[in-house]
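Here is a quick tour of the model shown below, written for someone who likes to know the cut-offs behind each term. Keep the viewer open and follow along.

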Amino acid sequence: MQSPGALEISRRDLLVASAATVTVAGAPSLAHSQTNTPEASTGTNVSFTVNGERLELELDNRTTLLDALREHLYLTGTKKGCDHGQCGACTVLVDGRRINACLTLAVMHEGGSITTIEGLGQPGNLHPMQAAFVEHDGFQCGYCTPGQICSSVAMLEEISANIPSHVTDDLMAPAEITAAEIRERMSGNICRCGAYSNIVEAITEVAGRKT
Amino acid sequence: MRAFSYECASSIETAAKAAASTDGAKFIAGGTNLLDLMKLEIETPTHLIDVNGLGLDRIEPTPEGGLRIGALVRNTDLAADERIRRDYGLLSRALLAGASGQLRNRATTAGNLLQRTRCPYFYDTNQPCNKRQPGSGCAAIAGFSRQLGVVGVSDACIATHPGDMAVAMRALDAVIETIRADGTTRSIPIADFHRLPGKTPDIEHVLERGELITAVVLPKPMGGKHIYRKVRDRASYAFALVSVGAIVQPDGTGRIAVGGIAPKPWRDEAAEKELPRGAKAASTRLLADARPTEQNAFKITLVERMLSAVLAEARG
């Protein structure tokens, strides 16, 4: 009988293999892509940096940054939840700011610098926020977790930059790190398992270490 | 999503010209609403003109003592700007009450004004919707209308403008600056910018084909207490059932704009004259022409109670 660990590895391998197949079959070269008018190409070359690596891609204009990361670069840590900017599972950092990768086109990020969960930390070299999520059990199924972690890392930077929030009492006072502030600022990341209280504890611990 | 060609605009003049001369062209800035709608094929542009590189991302003082906000200033940056926080707190508060941290980092000042309704029947392509498909009918009027408009609506459409920022801009009497395809510019007071639905709910604003918003100008600071109060179905990251943006002066006079109840930020200067007489007098005047459905009639009461709370907060 196969051990659960072996099953997990084979599932992951299968995912990578099928993603590669889809890309080969589903990404025609620019010359062959659909066009509306003879001169209008529906594909574009774009180059940006992902987790420190400079990359060039030839993409159908419709490709979201999320799909470019997952289906073209096989960085499947970034998750597709709703694909409409409502859940936050696709949160990545672009030029240091958190955004929904599902609601932006890859071709709009020429020259940009993108950091995904894979770039924040790796097994054996975890980002403090990743370690804190493990320590505080800040997840159950784990699907929203990469988005939660990317979002929380950038969120603490936003507080450091003195960006106010909806629950900030005094707009002219320095931004504070409180549970209420963390909850409000993380409201763009939905966790349907309901691990919120542990997520707040994990973020609070990292924030405490920073200040 | 339908296929489209893509270009990065090199100047505001060429962007406006290209948008006017290319069939099916649309500008894209933050893209947070447009791409959402393109995935559902509610928006089907065949050409996108990316305006993000046009440098319209600064907030500068005007000779009149106000501020000129570039069309591409992101919601986060506008809300966090020290001058906005100090002199136009209502605008900061409204922005921070909207969307999520991720969306505010992308969404722009101009795009926010042009965002489309979140009426569920506009989003559901299996349903009739006069805004999405003119002449098909309105499923909302006899449907689930709890979230929808009570005033300024028509027999063709009861959708609302969903935003928070525009409510604050309306209370502040912001002016929208544009450039047209022929290179001429104009200034449009926000009161005249959004159109009421009437028989053509698909036409939502007064911009011409190819016309590009370049800035939104705020008048000089007007003092007073700035309050933005929003009632919604969850504590964060939800559209308003009703929102009230207010600037109340020490003498009890003030400005009130209301969101979540109409196809545009709803303000009536005659209702503001009633403010010293209290919330009931002002809200009665503000909603004199309201025609709610059974499901959203509660908004009439809610506006009065929120106004009452806002006036109490202003006094306190």
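## Chain A at a glance

Read from the N terminus, the elements of chain A go α-β-β-α-β-β-β-α-α-α-α-α. That makes seven helices and five strands for the chain. Helices (H or I, at least four residues) and strands (E, at least two) are DSSP runs, numbered from the N terminus. Chain A has 211 residues, and 49% of them count as buried. Here buried means under 20% relative accessible area, exposed means over 50%, and partly exposed is in between, with a 1.4 Å probe and protein chains only.

A word on the ground rules: this is a predicted model, where local features need pLDDT of at least 70 and side-chain atom pairs count only at pLDDT 80 or more, while totals for chains, interfaces and linings use all residues. Residues are numbered from 1 along each chain as its sequence is written, chains are lettered from A and ligands numbered from 1 in the order in which they are written, and side-chain values use heavy atoms, with hydrogens and water left out.

## The five-stranded sheet of chain B

Over in chain B, five strands make an open sheet with antiparallel pairing, in the order β4-β5-β8-β6-β7. The edges are β4 (59–61) and β7 (185–189) of chain B; each has a single partner strand, so one side of each has no neighbour in the sheet. From one strand to the next, the twist averages 25 degrees. For the angles, axes are lines fitted to C-alpha atoms (for helices, over the stretch in contact), and values run from 0 to 180 degrees between N-to-C directions. Two strands count as paired if DSSP finds at least two bridges between them.

Start at the β4 edge: β4(B) and β5 (residues 67–70) of chain B run antiparallel and are joined by three bridges. B:Pro61 has B:Leu67 in β5(B) as its bridge partner. Now move to β6 (residues 175–179) of chain B, a mostly covered strand with four of its five residues buried. Five bridges link β6(B) to β8 (residues 212–218) of chain B in the antiparallel sense, and B:Glu177 sits opposite B:Ala215 in β8(B). Another five bridges tie β6(B) to β7(B), again antiparallel, with B:Ile179 opposite B:Thr185 in β7(B). β6(B) and β7(B) form a hairpin with five residues between them, and B:Gly183 in the turn has a positive phi of about 90 degrees.

## A loop after the hairpin

Two residues to click on in the loop between β7 and β8 of chain B are B:Thr200 and B:Ile203. B:Thr200 is partly exposed at 30% relative accessible area, and B:Ile203 is partly exposed too, at 35%. B:Ile203 and B:Pro134 are 69 residues apart in sequence, yet 9.9 Å apart in space, C-alpha to C-alpha. For B:Thr200 and B:His161, the figures are 39 residues in sequence and 15 Å in space, C-alpha to C-alpha.

## The parallel sheet

Chain B also has an open sheet of three strands, with parallel pairing and the order β1-β3-β2. At its edges are β1 (5–8) and β2 (25–28) of chain B, each pairing on one side only. The twist averages 25 degrees from one strand to the next. β2(B) and β3 (residues 47–50) of chain B run parallel and share four bridges; B:Ile28 has B:Asp50 in β3(B) as its bridge partner.

## Cysteines without bonds

How many disulfides are there over all chains? Zero, by the rule used, which takes a pair of cysteine sulfur atoms within 2.5 Å. The sulfur of A:Cys141 has its closest cysteine sulfur in A:Cys193 at 3.7 Å, too far for a bond. A:Cys144 is in no disulfide either, and the nearest cysteine sulfur, that of A:Cys191, is 4.0 Å away.

Is A:Cys144 buried or exposed? Buried, at 12% relative accessibility, whereas A:Cys141 is exposed at 58%.

## Enclosed space

The structure holds four cavities of 30 Å³ or more. A cavity is a set of points, on a 1 Å grid over the protein atoms alone, where a 1.4 Å probe fits but cannot get out; lining residues have an atom within 4 Å of a point. Grid points are joined across faces, edges and corners, and a volume is the space filled by probe spheres set on the points.

The largest cavity encloses about 150 Å³. Its lining has 19 residues, and those nearest its centre are B:Lys131, B:His161, B:His194, B:Glu204 and B:Pro263. By type, the lining of the largest cavity has nine nonpolar, six polar and four charged residues. In this scheme Ala, Val, Leu, Ile, Met, Phe, Trp, Tyr, Cys and Pro are nonpolar, Asp, Glu, Lys and Arg are charged, and the others, Gly among them, are polar.

Key:
1 Å grid on protein atoms, 1.4 Å probe; cavity = no way out; pocket = protein on both sides within 12 Å on 5 of 7 lines; lining within 4 Å.
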